[in-house]
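Biologist: Before we start, could you take me through how to read helix packing, cavities and exposure in a model?
Modeller: Gladly; let us put the structure up and go through it feature by feature.

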Amino acid sequence: MPICIPDSLPAVDVLRKENIFIMTSSRANTQEIRPLKLLFLNLMPKKIETENQFLRLLSNSSLQVDIQLLRIDQRESKNTPVEHLNSFYCDFDDIREQNFDGLIITGAPLGKVAFTDVVYWSKLVEIITWAKEHVTSTMFVCWAVQAALNVLYDLPKFTRSQKLSGVYQHQILQPNAILTRGFDDSFLAPHSRYADFPIEKIKNYTDLSILADSDISGPYLMATADKRMAFVTGHPEYDSFTLANEYFRDLKAGIQPAIPENYFPHNNPDLTPKATWRSHAYLLFSNWLNYYVYQLTPFDLTTRNLTIDD
């Protein structure tokens, strides 16, 4: 079954050209099936690009998923037309009384910004806290992981002196973990962040299981034992050119960024990069939807009677 998105969302045309099976709202309404309700809090500046990336990964599942886009506030975006936001995004007040099967909170380019200086920090804290009672399973991605660790475990912000940018080798730490079911023993994943996740802090001050890590980038996949929360410190949703676009953007701005590691062929930015992490990314989101959302969530979301294994 496909993801269900509004008929006129730009992702419809993009994903159809890639032969990805999607279902528009008008068609979904004719089917007698209870789709998963997934809330998507998009904190990235280029909303449409990020929508396409995540919706592409969410489409690779046998489950029908109804996507609701959420924005953090009403501030005007520099990178996304206001008409797009007003047409496809809801505000938190619109859905705060509802329950959802899943929630994804994306990263944000705030690696060097103190939490208290983030203009929407109080609203994000409210949403993360709200999700504990209103969402079956939440996935935090990149900067959102750092934010969630602070809100949920009171961990301070850890910042790297140099930006971590590139595609890194990771290894599975728990071979029988269902979130990484089907993964190779080692796999590649992209990172682009100043956020740091010291492994000793995760082990000593949280109850999270570290499911996969990297010798260079540190913990990559973490989760709670009850499957209610999953943490992804990298950017598996990135497409082939995202790191390149970031690199050339920073170069043009005079930042003098380091060339993303293990990304451009022969470390040459003049050569075209290729995605080497796509299969694991699809599998990660498919596993999350299946094992952390579908098999955990109740049929009637108003009951909140979750199926949590001992």
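**Reading the model**

Modeller: Glutamine 162 has a relative accessibility of 59% and therefore counts as exposed, where buried means under 20% relative accessible area, exposed over 50% and partly exposed in between, with a 1.4 Å probe and protein chains only. Glutamine 162 lies in strand β8, residues 159-172, and helices (H or I, at least four residues) and strands (E, at least two) are DSSP runs numbered from the N terminus. This is a predicted model, in which local features need pLDDT of at least 70 and side-chain atom pairs count only at pLDDT 80 or more, while totals for chains, interfaces and linings use all residues. Residues are numbered from 1 along each chain as its sequence is written, and side-chain values use heavy atoms, with hydrogens and water left out.

Biologist: Into which exposure class does isoleucine 48 fall, and which residues is it in contact with, leaving aside its neighbours within four places in sequence?

Modeller: Isoleucine 48, found in helix α3, counts as partly exposed because its relative accessibility is 25%. Leaving aside neighbours within four places in sequence, isoleucine 48 is in contact with Pro10, Thr80, Pro81 and His84, contact meaning heavy atoms within 4.5 Å.

Biologist: How should I read two packed helices, and at what angle do α3 and α10 pack?

Modeller: Two packed helices are described by the angle between their axes and by the distance between those axes. Helix α3 (residues 47-58) and helix α10 (residues 278-294) pack at about 70°, with their axes 8 Å apart; axes are lines fitted to C-alpha atoms, for helices over the stretch in contact, and angles run from 0 to 180 degrees between N-to-C directions. The helices α3 and α10 are therefore roughly perpendicular to each other, given that angles under 35 degrees count as roughly parallel, over 145 as roughly antiparallel, 65 to 115 as roughly perpendicular and the rest as oblique. Phe54, Arg56, Leu57 and Leu58 of α3 make the contact with Ala281, Tyr282, Phe285 and Leu289 of α10. These residues divide into seven nonpolar, no polar and one charged, where Ala, Val, Leu, Ile, Met, Phe, Trp, Tyr, Cys and Pro count as nonpolar, Asp, Glu, Lys and Arg as charged, and the others, Gly among them, as polar.

Biologist: At roughly what angle do the axes of α6 and α7 cross?

Modeller: The axes of helix α6 (residues 121-134) and helix α7 (residues 143-153) cross at roughly 75° and come within 10 Å, and α6 and α7 are therefore roughly perpendicular to each other. By class, their contact has nine nonpolar, two polar and one charged residues.

Biologist: How is empty space found, and how many cavities of 30 Å³ or more does the search find?

Modeller: Rolling a probe the size of a water molecule over the atoms shows where empty space is left. A search of the whole structure finds two cavities of 30 Å³ or more; on a 1 Å grid over the protein atoms alone, a cavity is a set of points where a 1.4 Å probe fits but cannot get out, and lining residues have an atom within 4 Å of a point. The largest cavity has a volume of about 60 Å³, a volume being the space filled by probe spheres set on the points, which are joined across faces, edges and corners. Its lining includes Gln146, Leu149, Asp196 and Lys201.

Conventions: 1 Å grid on protein atoms, 1.4 Å probe; cavity = no way out; pocket = protein on both sides within 12 Å on 5 of 7 lines; lining within 4 Å.
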